[in-house]
Amino acid sequence: MNLQKKIESHIRIVEGFPKKGISFKDFSGVFQNAELSKEIIETFADHVRGEVDLVCGIESRGFIFGFPIALALNVPFVMVRKEGKLPPPIVSASYELEYGEATLEIVEGQIPEGARVLIHDDVLATGGTAAACSELVKKVGAIPASYSFLVELDFLNGRSKIESEAEVFSLIHYQS
């Protein structure tokens, strides 16, 4: 069985959650299978090996695979957190939500100027969070070199909001 089929066999679709009309993709079952989780980490790491200098994981589920990817690559890991979760000094970037605005932050000095950065998160939906993380990376003089996601919701067209010159690598795609 290929990796995509293995992952899909561990994803539960929950209709009407968190609200009516949403078809929630619950991939928490993936974490119940250590061998599958290791294969996912290695696949992500192999895809960018030698092409990135560090990994940024977006809070909070981007930490789950982001940190092990960094370990597999033997590169630093930087936590990208929601506003107010990190001690100063910080660098921040805000982005629009459906109803308002949110802010992401990193600790100043953790991403070296010129570093090639892998931006990792669990799901690529509308692309706002990944775009804000990209803005943070560029704000400190580094380069968003690649993006990786466990799941991409193609029907929300999140790719259109993130760096077109950087590769977007998603293991699972949903059309609806």
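Before I show you a pair of residues that face each other, let me say what pairing means here: two strands pair if DSSP finds at least two bridges between them. Please also keep in mind, as we go, that this is a predicted model.

With that in place, look at strand 3, residues 54-58, and strand 4, residues 77-82, which pair in the parallel sense over 4 bridges. Within this pair, Gly57 stands opposite Met79 in strand 4, and you may like to find those two residues in the structure above.

Let us now step back to the sheet that holds these strands. Which order do the strands take across the sheet? The order is 5-6-4-3-7-8-9, in an open sheet of 7 strands with mixed pairing. At the edges we find strand 5, residues 90-97, and strand 9, residues 167-174, each of which pairs on one side only. From one strand to the next, the twist averages 20°.

Next come the helices that lie against the sheet. Helix 2, which covers residues 34-48, packs on the sheet and touches strand 7 (116-124), strand 8 (143-153) and strand 9, and its direction makes about 150° with that of strand 9. Helix 3, residues 61-73, lies across strand 3, strand 4, strand 7 and strand 8, and runs at about 145° to strand 7.

How do these two helices meet one another? The axes of helix 2 and helix 3 come within 9 Å and cross at roughly 60°, and helix 2 and helix 3 are therefore oblique to each other. The crossing of helix 2 and helix 3 is, in addition, right-handed.

If you would like to see which side chains are involved, helix 2 contributes Ser37, Ile40, Ile41, Glu42, Phe44, Ala45 and Val48, and these meet Phe65, Pro68, Ile69, Ala72 and Leu73 in helix 3. Sorted by class, the contact of helix 2 with helix 3 has 10 nonpolar, 1 polar and 1 charged residues.

Finally, let us take the whole chain into view. The protein has 4 helices and 9 strands, and from the N terminus on its elements run α-β-β-α-β-α-β-β-β-β-α-β-β. The radius of gyration of the protein is 16 Å, close to the 16 Å that the globule rule gives for 176 residues, so the protein is as compact as a globular protein of that length. Along the principal axes of the protein, the C-alpha trace spans about 40 × 40 × 30 Å.

Conventions. Residues numbered from 1 in each chain as written. Predicted model: local features only at pLDDT ≥ 70, side-chain atom pairs only at ≥ 80, totals over all residues. Heavy atoms only, no water. Axes fitted to C-alpha atoms, helices over the stretch in contact; angles between N-to-C directions. Contact = heavy atoms within 4.5 Å. Parallel < 35°, antiparallel > 145°, perpendicular 65-115°, else oblique. Left-handed = near helix turned anticlockwise from the far one by under 90°. Nonpolar A, V, L, I, M, F, W, Y, C, P; charged D, E, K, R; others polar. Rg over C-alpha atoms; globule rule 2.2 N^0.38 Å.
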